[in-house]
Amino acid sequence: MSLNELKKLARQKQDNFFLDDEDDIDNMDFPLPDVPSAGPSSDTGIRYIDSDEVFKRWICVYPAYLDSEKTVEEGRRIPKDKACKEPQVRQIAEAAKELGFPVAIEPTKRYPRDGLTFGRIKVMLKNENGFFNRPDIVTRKQLFLKIASVLPAVQARIPAEPKPTLMNTMAVAESSQSTTSAPKKKKKGRK
């Protein structure tokens, strides 16, 4: 650094330009938003998570896996006669919790085959020592079938949340798109 640059830095420090704490955004003078924590919920025992690091080895369960109205190509993983009609993330989590599994909900995740449905749950099939939480459930398919068998009773207790309509979804998609996009150029053909 040259001598002039050092003098300039010293003057800026004397002007207290960098030391103004009132306008500093890093002061954290504002309240943090209420976001569900990764810890267990006090009343239900179900966790809400936004990071996949801790729950990496847990089993993912999307609602489409257990939905009787989906085809196998659309993501259903169990036989149609054992599946449930329109299961929701909260209901699946309650069913897995009733079976005795630790459960975590990821509300922002989407199933790749159905981008309009939000949420998935993570179920801990094996504990930290590598042993199964329930010796009668050792595979993913057994887990899905067992959750589906408990799910109708849970659906009767927990009311379904209203699904977003196509118009609401389109309105959200249009508002998120940029309104100032450049016009597409025509492709030049071979000459």
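**Reasoning from values to terms**

Tutor: β4 gives the most to the lining of the largest cavity, contributing 3 residues, and the model in which this is found is a predicted one.

Student: Which residues line the largest cavity, and how many cavities does a search of the whole structure find?

Tutor: The lining of the largest cavity consists of Pro-63, Ala-64, Tyr-111, Asp-114, Thr-117 and Gly-119, and the search of the whole structure finds 1 cavity of 30 Å³ or more. The space in the largest cavity comes to about 30 Å³.

Student: What makes the residues in the lining of the largest cavity divide as they do into nonpolar, polar and charged?

Tutor: The division is into 3 nonpolar, 2 polar and 1 charged. Ala, Tyr and Pro count as nonpolar, Asp counts as charged, and the others, Gly among them, count as polar, so Pro-63, Ala-64 and Tyr-111 are nonpolar, Asp-114 is charged, and Thr-117 and Gly-119 are polar.

Student: What is known of the second largest pocket, in its space and in the residues that lie nearest its centre?

Tutor: The second largest pocket holds about 280 Å³ of space, and of the 13 residues that line it, Arg-57, Trp-58, Met-124, Lys-126 and Asn-127 lie nearest its centre. By class, that lining has 6 nonpolar, 3 polar and 4 charged residues.

Student: Turning to the sheet, in what order do its strands stand, and why is one side of β1 and of β2 left without a neighbour?

Tutor: The 4 strands form an open sheet in the order β1-β3-β4-β2, with mixed pairing. β1 (47–48) and β2 (59–61) are at the edges and each has a single partner strand, which means that one side of each lacks a neighbour in the sheet. Helix α2 (residues 89–98) packs on this sheet and touches β1, β2, β3 and β4 (114–123), its direction making about 15 degrees with that of β4.

Student: How do you know that β1 and β3 count as a pair?

Tutor: Two strands pair if at least two bridges are found between them; β1 and β3 (residues 103–111) have 2 bridges, in the parallel sense, so the requirement is met. In one of these, Arg-47 has Ala-104 of β3 as its bridge partner.

Student: Why is α2 called mostly covered, and what covers its buried residues?

Tutor: A residue is buried when its relative accessible area is under 20%, and 7 of the 10 residues of α2 are buried, namely Val-89, Gln-91, Ile-92, Ala-93, Glu-94, Ala-95 and Ala-96. What covers them includes β2, β3, β4 and α3. Helix α3 (residues 140–157) itself lies across β2 and β4, running at about 40 degrees to β2, while just after α2, Gly-100 takes a positive phi of about 95 degrees.

Student: Why is Ser-68 called buried or exposed, and which residues does Ser-68 touch?

Tutor: Ser-68 is in the loop between β2 and α2. Its relative accessible area is 15%, and since buried means under 20%, Ser-68 is therefore buried. Residues up to four places away in sequence are not counted, and Ser-68 then touches Arg-76, Lys-80, Ala-83, Cys-84 and Lys-85.

Student: How many helices and strands are there in the protein, and in what run do the elements come?

Tutor: The protein has 4 helices and 4 strands, which run α-β-β-α-β-β-α-α from the N terminus on. Of the 191 residues in the protein, 29% are buried.

Notes:
Residues are numbered from 1 along each chain as its sequence is written. This is a predicted model: local features need pLDDT of at least 70, side-chain atom pairs count only at pLDDT 80 or more; totals for chains, interfaces and linings use all residues. Side-chain values use heavy atoms; hydrogens and water are left out. Contact means heavy atoms within 4.5 Å. Axes are lines fitted to C-alpha atoms, for helices over the stretch in contact, and angles run from 0 to 180 degrees between N-to-C directions. Buried means under 20% relative accessible area, exposed over 50%, partly exposed in between (1.4 Å probe, protein chains only). On a 1 Å grid over the protein atoms alone, a cavity is a set of points where a 1.4 Å probe fits but cannot get out, and a pocket is an open set with protein on both sides within 12 Å along at least five of seven lines; lining residues have an atom within 4 Å of a point. Grid points are joined across faces, edges and corners, and a volume is the space filled by probe spheres set on the points.
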